[in-house]
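The exercises below are meant to be worked through with the coordinates open, and each one is followed by a solution that proceeds step by step.

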Amino acid sequence: MNETTTYLDNNATTRIDPRVVDAMLPFFTTHWGNASSAHRVGRGVTAAVAQARRTVADCLEATPGEVVFTASGTEADNLAIRGVVAANRGGHVVTTAVEHPAVLETCRELAQRGDCELTVLPVNADGGLDLDELQASLRPGRTCLVSVMWSNNETGVVFPLAEIADRVHAAEALLHVDGVQAMGKLPLSPTVQHIDLLAFSAHKFHGPKGVGGLLVRRGTKIAPATTGGGQERGRRSGTENPAGIVGLALALHLAVQEQPNHDRAIAALRDRLQAGLANVGGLQVTAPDAPRVSNTLHLTLPVEAEPVLVGLDQEGICCSAGSACSTGALEPSHVLSAMGIDASRAHGALRFSLSRETTAAEIDHVLEVLPRVVARVVAVSGVGRG
Ligand SMILES: *Cc1c(COP(=O)(O)O)cnc(C)c1O
């Protein structure tokens, strides 16, 4: 990447912060020991992992014993859902139609195998949940788990977790939250207090890839994801990844500490982008009036997104057609289908996702390039010709 690259695909992954890289490097060189070893080579590593666990716990208003490190956000979601279903020997699970595949596919697979019953809640045109419908779906004594995301990776729409938690807990079920897109974007306090299981992933908040975690509130019954040497209090066996864990902890600390400041700046840039594109013919902002995280602008165009993405890339602009995971897929996004956006419109979906590194000059570059690229694609495709 060079200075002419405008990177606006931060919901897919973020650039690792150089301070995080510096903090990680010793764990590849001098501090290469096993965190579970009692001798001098392991000891410093043990201490660093313990310190990182305390840092993460502080950020999440939890205790260190409630933090389980995993190899990804996907693994954390799997541990939460599979772990609760296994610990309850089945039961009923509730999730939503707009979850990340790490949640939706996991729930569907368990239901297909007969390991649980599943309700997938619909969303309205703004990507929001009907809380009465959520409440009506709960079967006290049967529903063991409700799994909802904090903010949506494609649209940025935020779910009202405190209200959801009240209803879930009244039915004596557990609340798992896929918080992968929320860290560093939304204030964690006081909402985090209402969550029983919370998944996160370092590479979505300027940390390294290949490390994530799950907050498991004390007293939450959860079966282990892997069995073996009993690391992570028996919930996730496997030799710890000290460099990754140290990197995750510092990245989370930086993200949480600076969140309110960054949020204001990022919101201003996103709003400038959204307002500046208002004149592009046929462009529609997705869920403009819904509560959204400040970094995400999702929109649909009256033409295919694919040639627009190619045109933007040629001018150094990186964004995505909805979500990174569904790029190249012919199926329209399941999130947009759930919101009732028709397939032809969904094929014109573009997602710009900003970060604390995004500059006003980059936004202005997009405002200059996008209308031109869209006009070219419209002319070629014949859309709007009389
Ligand atoms: C990226 C993402 C995940 C998966 O996290 P990985 O660490 O990439 O496996 C899960 N949920 C959401 C909402 C995401 O955006």
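**Exercise 1.** How do the residues of the shell around the ligand divide into nonpolar, polar and charged?

*Solution.* Since this is a predicted model, the positions discussed here are those of a prediction. Begin by collecting the shell, which consists of 13 residues surrounding the ligand, with Thr74, Asp178, Gln181, Ser201 and Lys204 as the closest. Then sort the shell by residue class, which gives 2 nonpolar, 8 polar and 3 charged residues. Finally, assign the shell residues to secondary structure: the largest share, 3 residues, comes from helix α3, which spans residues 73-87.

**Exercise 2.** Determine which ligand atoms are approached by the side chains of threonine 74, aspartate 178 and glutamine 181, and then find how much of the ligand the protein covers.

*Solution.* Take the oxygen atoms of the ligand to start with: one oxygen atom lies 2.6 Å from a polar side-chain atom of threonine 74, and an oxygen atom of the ligand is also found 2.7 Å from an N or O atom in the side chain of glutamine 181. Next, turn to nitrogen, where a nitrogen atom of the ligand is 2.7 Å from a side-chain N or O atom of aspartate 178. As a last step, consider the surface of the ligand, which on its own has 380 Å² of accessible area, and of this the protein covers 89%.

**Exercise 3.** Is threonine 106 buried or exposed, and is proline 140 buried or exposed?

*Solution.* Locate threonine 106 in helix α4, which covers residues 101-112. Its relative accessible area is 4%, and because buried means under 20%, threonine 106 is classed as buried. Leaving aside neighbours within four places in sequence, the contacts of threonine 106 are with Asn78, Ile81, Arg82 and Pro101.

Proline 140 is placed in the loop between α5 (131-137) and β5 (143-149). Here the relative accessible area is 64%, and because exposed means over 50%, proline 140 is classed as exposed. For a distance check, compare the C-alpha atom of proline 140 with that of threonine 119, which is 21 residues away along the chain, and the separation comes to 14 Å.

**Exercise 4.** Into which domains is the chain divided, and how many residues does each domain bring to the contact?

*Solution.* Read off the bounds, noting that domain 1 is made of two segments, 6-14 and 260-381, while domain 2 runs over 18-254. The centres of domain 1 and domain 2, taken over C-alpha atoms, are separated by 28 Å. The contact takes 27 residues from domain 1 and 30 residues from domain 2.

Note on methods
Residues numbered from 1 in each chain as written. Predicted model: local features only at pLDDT ≥ 70, side-chain atom pairs only at ≥ 80, totals over all residues. Heavy atoms only, no water. Near = heavy atom within 4 Å. Polar contact = N/O pair within 3.5 Å; in protein donor to acceptor, adjacent residues only side chain to side chain. Areas by Shrake-Rupley, 256 points an atom, 1.4 Å probe, with all protein chains shown as cover. Helix = DSSP H or I, 4+ residues; strand = E, 2+ residues; numbered from the N terminus. Nonpolar A, V, L, I, M, F, W, Y, C, P; charged D, E, K, R; others polar. Buried < 20%, exposed > 50% of the residue type's maximum accessible area, 1.4 Å probe, protein only. Domains from an automatic or database assignment. Contact = heavy atoms within 4.5 Å.
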